[in-house]
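Trainee: Got a minute to go through this one with me? I'd like to start with a strand pairing and work outwards.
Mentor: Fine, put it up.

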Protein chains: 2
Amino acid sequence: PLCLCWALGLAAASAPPNLLLLLMDDMGWGDLGAFGEPSKETPNLDQMASEGMLFLDFYAANPLCSPSRAALLTGRLPVRNGFYTTNAHARNAYTPQDIVGGIPDSELLLPELLKKAGYVNKIIGKWHLGHRPQFHPLKHGFDEWFGSPNCHFGPFDNRALPNIPVYRDWEMIGRYYEDFKIDLKTGEANLTQIYLQEALDFISKQQASQQPFFLYWAIDATHAPVYASKHFLGTSQRGLYGDAVREIDDSIGKILQHLQKLGISENTFVFFTSDNGAALISAPKQGGSNGRFLCGKQTTFEGGMREPAIAWWPGHIPAGGVSHQLGNVMDLFTTSLSLAGLQPPSDRQIDGIDLLPAILQGKLIDRPIFYYRGNEMMAVRVGLYKAHYWTWSNSWEEYSKGIDFCPGQNVSGVTTHTQEEHTTLPLLFHLGRDPGEKYPLSFVSDEYQRAMEQISVVVQQHKATMVPGEPQLNVCDKAVMNWSPPGCEKLGKCLKPPKSDPKKCFWPH
Amino acid sequence: PLCLCWALGLAAASAPPNLLLLLMDDMGWGDLGAFGEPSKETPNLDQMASEGMLFLDFYAANPLCSPSRAALLTGRLPVRNGFYTTNAHARNAYTPQDIVGGIPDSELLLPELLKKAGYVNKIIGKWHLGHRPQFHPLKHGFDEWFGSPNCHFGPFDNRALPNIPVYRDWEMIGRYYEDFKIDLKTGEANLTQIYLQEALDFISKQQASQQPFFLYWAIDATHAPVYASKHFLGTSQRGLYGDAVREIDDSIGKILQHLQKLGISENTFVFFTSDNGAALISAPKQGGSNGRFLCGKQTTFEGGMREPAIAWWPGHIPAGGVSHQLGNVMDLFTTSLSLAGLQPPSDRQIDGIDLLPAILQGKLIDRPIFYYRGNEMMAVRVGLYKAHYWTWSNSWEEYSKGIDFCPGQNVSGVTTHTQEEHTTLPLLFHLGRDPGEKYPLSFVSDEYQRAMEQISVVVQQHKATMVPGEPQLNVCDKAVMNWSPPGCEKLGKCLKPPKSDPKKCFWPH
């Protein structure tokens with residue numbers, strides 16, 4: 001490929017670029033050919049990487065979907081923006097149908113801020129930041145929406161539990177399994193094709209206008225129940241999960257080609273990543289791969305939060321770049337603002353950093369990665385060192401039921417089934433020599449002492465300035481489920497909610 | 001890069017190409033950037049892959065060094081060429097200093113055969129096919145040798161155990177730790193630089209002549225005790241092991257550049273691979289990575305035998321190719337003969353196949369992979385299915401001493417510490433959906449029945465026609481150690497051997 005090298009650092013001085021964020025669901029670090037997946041079935045993403053920049057040390061903000069997504073759109077850790085629970089210690093929480101909370105009005109979301117720079121914002125796919133009326137994405141900066149507020153679990157009976165609605169903008173236009181089919185037996189669903197067409201149409205429409213766009217393509221074919229459309233079923237060596245990945249890879253190839261065909265690829269910043277590690281609990285049929293990393297989704301080991309990541313912006317990002325910058329989905333908030341010529345809010349703590357120096361100039365910015373589980377900082381990475389202050393995979397009770405977040409993996413004293421506190425003497429790993437977190441450093445070594453001195457300062461500062469937000473994921477109530485979403489009347493799809501009965505949500509992990 | 005597409009299948013019709021085989025020692029599938037190593041520190045090998053063809057399903061002939069190397073050079077499984085033991089069931093064996101056996105005269109080695117086509121053959125590095133006079137590489141087809149007959153273990157006291165000799169051609173020119181320094185404390189040794197210079201010199205010399213060459217570059221910096229030269233020490237995120245890999249990567253870059261500078265790259269077929277999986281027992285400081293595969297060296301799980309592999313031949317092999325051909329180091333025997341315009345011997349069973357249709361025409365040749373441990377066929381791969389007829393990592397006794405071939409990994413009923421027989425109902429894995437061998441297929445599934453029907457035929461045929469060779473690795477005797485190698489007189493380095501006392505070798509694994 002032809003490599004162009006432009007003047008750097010001036011990106012935002014001229015017209016701000018379009019922003020296209022491709023956010024995968026439960027896709028793991030090891031799911032792409034470019035990251036060593038041994039079937040190597042992602043030619044389009046691998047090409048995107050070879051034309052752009054590969055991030056090898058990029059992280060989710062949380063090992064679970066809703067908090068990670070809330071963090072991405074606010075630039076703030078879930079413990080700040082409210083996407084966590086205090087119902088029990090160190091518990092992952094998200095936004096099931098009966099969740100009462102959602103994204104607080106006080107939070108400033110990326111699309112809200114981008115509006116000030118004239119952006120038109122669309123979300124395609126999964127919102128996951130609360131489904132009650134006040135949490136609707138169009139109330140938080142998005143101009144358009146096609147997709148759903150929750151995961152595509154189901155089918156439900158619409159009595160004990162309603163099926164999940166699919167929205168177009170303000171109103172629902174149907175429900176999963178009723179109007180938007182997912183065949184759990186065969187794994188067939190054409191949703192990715194619908195999401196692809198939505199993206200192509202939006203890009204075409206926006207290209208015709210003079211306004212820049214922000215497109216948040218948050219598709220969910222790789223979240224259980226995994227699905228693919230007929231054309232892709234049975235095409236992967238990896239089974240149904242691989243079929244879903246192949247369809248996504250193909251779709252992303254089509255989107256990038258579309259940008260090129262429209263002549264706007266050099267004015268569109270594209271970033272590909274995932275919301276959390278692969279759900280090994282669903283593997284191998286319904287879950288992906290975290291490569292050589294330890295455990296998966298729900299855990300604060302590398303497999304739970306290290307993500308595949310690719311930046312693509314022809315003419316600006318040098319082709320074939322590889323970055324070891326420690327990155328986080330929260331950085332996409334700050335980086336997007338920077339590209340739009342905007343400053344991040346100064347009235348609150350923002351955890352995301354501007355990655356442009358790393359992306360455009362190959363700089364390495366020193367910054368830590370915090371690994372939270374609910375209200376607890378479980379671990380921190382500083383440079384190549386990672387210190388675990390708490391370890392936990394899941395409880396013996398859950399584990400004995402077959403719930404295993406680390407199938408085939410067992411590191412004594414590390415993948416613990418009780419919450420183990422190490423705050424006085426953290427477990428320390430060197431992720432260069434030991435990316436799999438298998439060999440804790442000796443507590444009495446000089447290396448341990450030196451590394452922990454440095455890390456302790458980072459952690460002290462982090463804790464001293466931490467002001468947790470109001471926890472949004474504590475209360476559940478069947479009355480708030482998707483019984484009668486706006487637009488249900490027109491479709492005759494309004495259901496009668498039960499009486500309100502708010503309770504503490506139960507979070508086992 | 002410019003992609004040239006030549007007429008295929010005619011390679012051997014014109015002047016035969018030079019053959020350059022880069023054989024790594026204990027390097028694992030996951031050690032290169034191109035295979036997903038998260039430090040991505042192998043730019044030269046990654047470029048070699050992007051200019052050549054990446055093999056994702058390439059195997060060692062054995063999970064241990066000597067047998068795999070003997071198989072490579074004979075094109076025959078160790079159980080045929082004698083590189084195995086019958087002292088106990090399913091035991092790995094190799095050529096320590098007190099081994100009495102070695103490569104039998106009756107075996108035809110690749111360099112012996114290549115001579116018929118006018119090749120000049122050199123081995124640089126580790127021989128490992130026996131160190132007694134009759135096993136000398138120059139008695140088995142090589143014209144030149146720089147390197148050692150055994151591993152670079154030491155330092156020894158030259159009383160109970162002699163230090164390993166380093167040969168130039170027929171005679172030793174010194175010993176490890178005495179004349180060829182390896183600093184076990186710092187990991188410093190400049191051996192890779194010496195091996196590099198030997199390669200460059202040989203290539204230059206041969207280029208000046210009119211004869212084609214076969215260079216077998218069998219270096220050992222990644223075998224414990226791992227080493228690197230001063231310039232590379234401390235340069236890798238991965239520690240000393242990574243330093244060794246970086247130096248090798250740099251050296252291979254220099255060798256390929258040398259071929260290009262001399263204008264012979266389009267007439268030199270280069271293949272890169274390793275002799276067995278990474279030695280996880282030595283990880284993380286002295287051992288590499290098998291990526292997401294199960295266990296390591298010494299085992300017949302994927303981590304023990306799946307290897308990184310790259311074919312490079314500018315102008316002949318299309319750039320950027322990826323092959324899922326099931327390959328084996330034994331294929332390098334047959335493929336090399338094919339390139340030289342020679343037929344493999346017809347008077348014996350040859351296990352290696354000619355890979356040229358896969359390399360030059362992208363064909364997929366149906367062939368099984370057999371996983372042996374000593375005298376037992378432990379497993380077989382047919383297509384994407386792998387059936388384990390026996391499972392064993394190592395004994396409880398060894399394991400309780402801390403010898404762990406699967407650190408951090410534990411798959412119930414699979415990574416067993418007793419030899420478990422599954423011959424009536426093999427454990428079956430689908431390596432596409434489950435490359436990590438974590439989820440055995442249900443015995444009662446249709447898929448199991450269908451796959452095993454196909455596999456059983458392959459195994460029956462294999463066993464029915466198997467004629468084991470005379471085992472070479474049964475007898476050990478301290479008298480045969482490297483006490484007085486040829487040339488020791490000139491150096492004053494002859495040592496007095498003890499009285500002969502042949503015994504059965506003890507093979508714990």
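Mentor: Start at Phe272(B), which stands opposite Ile310(B) in E9(B). Keep in mind that this is a predicted model.

Trainee: OK. In which sense do E8(B) and E9(B) pair, and over how many bridges?
Mentor: E8(B) and strand E9, residues 306-312 of chain B, are antiparallel, with 3 bridges.

Trainee: And which residue is the bridge partner of Leu22(B) in E8(B)?
Mentor: Phe272(B) again. Leu22(B) belongs to strand E1, residues 18-24 of chain B, which pairs with E8(B) in the parallel sense over 7 bridges. Phe272(B) therefore has a partner in E1(B) as well as one opposite in E9(B).

Trainee: How many residues of strand E8 in chain B are buried?
Mentor: The strand covers residues 268-274, and 7 of its 7 residues are buried.

Trainee: Which residues sit on each side of E8(B)?
Mentor: Thr268(B), Val270(B), Phe272(B) and Ser274(B) are on one side, with Phe269(B), Phe271(B) and Thr273(B) on the other. Both faces are covered.

Trainee: Switching strands. How enclosed is E13 in chain B?
Mentor: Strand E13 runs over residues 376-382, and 7 of the 7 are buried, so the rest of the structure largely encloses it.

Trainee: What does E13(B) pair with?
Mentor: One partner is strand E12(B), residues 369-373, antiparallel over 5 bridges, and there Phe370(B) stands opposite Val380(B). Another is strand E14(B), residues 385-388, antiparallel over 4 bridges. In that pairing Val382(B) stands opposite Tyr385(B).

Trainee: Which residue takes a positive phi in the hairpin of E12(B) and E13(B)?
Mentor: Gly374(B), with phi near 60°, in a hairpin that has 2 residues between the strands. The hairpin of E13(B) and E14(B) also has 2 residues between its strands, and Gly383(B) takes a positive phi near 60° there.

Trainee: Those are glycines. Which residue in the loop between E8 and H7 of chain A has a positive phi although it is not a glycine?
Mentor: Cys295(A), at about 60°. It lies in that loop and counts as buried, because its relative accessibility is 0%.

Trainee: What about Gln298(B), buried or exposed?
Mentor: Buried, at 14% relative accessibility, since the cut-off is under 20%. Gln298(B) has a positive phi of about 90° without being a glycine, and it lies in the loop between E8 and helix H7 (302-305) of chain B.
Mentor: For context, most residues other than glycine have a negative phi, and most peptide bonds are trans.

Trainee: On peptide bonds, then: what is the one from Ala283(A) to Pro284(A), cis or trans?
Mentor: Cis, with omega near 0°. Pro284(A) is in the loop between strand E8 (268-274) and helix H7 (302-305) of chain A. In chain B, the bond from Ala224(B) to Pro225(B) is cis too, with omega near -5°. Pro225(B) lies in the loop between strand E7 (213-218) and helix H6 (240-261) of that chain.

Trainee: Which residues form the nonpolar patch with Phe443(A) on the surface?
Mentor: Leu425(A) and Val444(A), and the patch has about 290 Å² of accessible area together. Phe443(A) itself is in the loop between strand E17 (427-430) and helix H11 (446-464) of chain A. At 34% relative accessibility, Phe443(A) counts as partly exposed.

Trainee: Last topic. What rotation superposes chain B on chain A?
Mentor: 180°, with 0.0 Å of shift along the axis and an RMSD of 0.0 Å. The two copies are thus related as by a two-fold rotation axis.

Trainee: And how do the copies meet?
Mentor: Through the same surface, because 97% of the interface residues of chain B are also interface residues in chain A.

Key
Residues numbered from 1 in each chain as written. Chains lettered and ligands numbered in written order. Predicted model: local features only at pLDDT ≥ 70, side-chain atom pairs only at ≥ 80, totals over all residues. Heavy atoms only, no water. Least-squares fit on C-alpha atoms with pLDDT ≥ 70 in both. Contact = heavy atoms within 4.5 Å. Buried < 20%, exposed > 50% of the residue type's maximum accessible area, 1.4 Å probe, protein only. Patch = residues over 30% accessible without salt bridge, like charges linked within 9 Å, V, L, I, M, F, W, Y side chains within 5 Å. Areas by Shrake-Rupley, 256 points an atom, 1.4 Å probe, with all protein chains shown as cover. Salt bridge = Lys/Arg side-chain N within 4 Å of Asp/Glu carboxyl O.
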